[in-house]
Amino acid sequence: MSSNRNIPHTGVIAALYARGLLDYLRARGVDPTQLYAPDRVAHFQRVGGHVEIPLAEWIAMFDTAVDALGEPDLPLKAGGSLHLRHLGVLGHVLMNCATLEEVYLQLARYIRLLGQIGQPALSLHGDEAHLLWSWPYDSPPADAVAQFMLGARAMFMRWLTNRPDLRYDAYFHFPRPRDTRAYEQIFGGALHFSQPHSKMVFSRDYLTLPVVSADEELRQQVEAQAQSLLQQLSGEPPLLRELRSFLARNLANGRVSLELSAQALGTSARTLQRRLSESNLSFQTALDQVRQARAEALLRDPTVSLTQIAFLLGYTEQSTFHNAFRRWTHCSPGAFRRRQRSAT
């Protein structure tokens with residue numbers, strides 16, 4: 001089942017996803033250099049998580065493997081074998097979320113770190129949760145990508161919660177294949193094909209399951225790194241990215257003054273102010289932006305109290321945090337938290 005006709009001419013994807021496919025092939029006893037150019041295989045092994053490749057190349061890699069091995073469901077199996085290392089920084093963010101619901105909030109927030117592969121959409125319908133995979137291009141959706149994405153999310157949910165018994169109903173936009181055994185094994189629930197969209201449907205209760213590897217302190221560190229990478233992709237000046245990263249790491253200990261920031265960045269306070277001004281920012285505005293982003297992330301976690309959030313943002317009084325958050329968002333922290341709950 002080739003998807004060549006569905007390859008978009010635009011779009012990129014994290015090179016780590018290509019490495020995920022190569023690792024799967026090796027685990028199967030297949031030498032990737034027998035399928036792909038050796039220099040390209042070597043390149044995928046060297047690159048870091050921030051490097052991107054054309055999305056069309058990644059889809060073509062699946063087509064080559066499917067044709068060579070005669071397995072139309074190979075992308076599904078490769079997705080089901082995806083490891084944390086294939087998600088880069090985002091993988092570490094997800095494994096330190098408190099619950100699966102927060103996992104999908106953070107996945108939506110940082111999905112750009114994995115490339116231009118569509119925005120995951122989580123919606124609730126009674127006692128069911130629907131996780132829709134979207135294809136952001138004018139061409140028809142690529143079958144291989146739908147298989148890979150849904151297979152990866154199904155297995156990753158089980159891994160994060162240490163719940164191998166989780167079951168999902170799976171919907172795919174392409175016709176039913178002749179052999180559905182791999183689909184049955186990976187999802188465990190009802191299978192539906194020739195559907196308007198590709199998605200997973202599972203019990204709403206799954207969203208409250210705790211992530212077994214969650215570590216709040218480590219989460220702050222990896223989120224700061226994820227924010228920095230996201231800003232890098234948006235073309236933000238390197239000095240501003242470094243400043244935001246430094247501020248995010250040091251909010252809780254209060255070491256976020258202009259002077260300390262400039263020292264950490266190897267420049268003077270005056271030069272830092274001038275460089276910020278060139279980006280139409282003041283130091284206080286940059287600090288407020290970092291605090292607001294961190295506050296909103298923490299407010300989505302119902303287990304973190306407002307007092308704790310104030311402390312993690314570097315405030316000595318909860319009232320000071322309350323007033324600052326109202327200034328940033330025109331609503332109170334409590335109202336923001338209630339709105340997030342009602343939205344889900």
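User: Which element gives the largest share of the lining of the largest cavity?
Analyst: This is a predicted model: local features need pLDDT of at least 70, side-chain atom pairs pLDDT 80 or more, while totals for chains, interfaces and linings use all residues. Residues count from 1 along each chain as its sequence is written, and side-chain values use heavy atoms, with no hydrogens or water. Lining residues have an atom within 4 Å of a cavity point. Six of them, the largest share, come from one helix (a DSSP run of H or I, at least four residues), namely H7.

User: What is the volume of the largest cavity?
Analyst: A cavity is a set of points on a 1 Å grid over the protein atoms alone where a 1.4 Å probe fits but can't get out. Points join across faces, edges and corners, and the volume is the space filled by probe spheres set on them. There are three cavities of 30 Å³ or more here, and the largest has a volume of about 180 Å³.

User: Which residues lie closest to the centre of the largest cavity?
Analyst: Helices H5 (88-95), H6 (100-110) and H7 (143-161) each give two or more residues to that lining. Of the 16 lining residues, the closest to the centre are Leu87, Leu94, Leu107, Arg153 and Phe156.

User: How many charged residues does the lining of the largest cavity have?
Analyst: Nonpolar here means Ala, Val, Leu, Ile, Met, Phe, Trp, Tyr, Cys and Pro, charged means Asp, Glu, Lys and Arg, and the rest, Gly included, are polar. The lining has 15 nonpolar residues and no polar ones, and its charged count is one.

User: What is the strand order in the open sheet of five strands?
Analyst: Strands are DSSP E runs of at least two residues, and two of them pair if DSSP finds at least two bridges between them. Strand E4 (128-133) runs antiparallel to E3 (121-125) over five bridges, and antiparallel to E7 (198-203) over six. E5 (168-171) and E6 run parallel, with three bridges. The pairing is mixed, and the order is E3-E4-E7-E5-E6.

User: Which strands stand at the edges?
Analyst: Each edge strand has a single partner strand, so one side of it is left without a neighbour in the sheet. These are E3 and E6.

User: What angle does the direction of H7 make with that of E7?
Analyst: H7 packs on the sheet, touching E4, E5, E6 and E7, where contact means heavy atoms within 4.5 Å. Axes are lines fitted to C-alpha atoms (for helices, over the stretch in contact), and angles between N-to-C directions run from 0 to 180 degrees. For H7 and E7 the angle is about 20 degrees.

Key:
1 Å grid on protein atoms, 1.4 Å probe; cavity = no way out; pocket = protein on both sides within 12 Å on 5 of 7 lines; lining within 4 Å.
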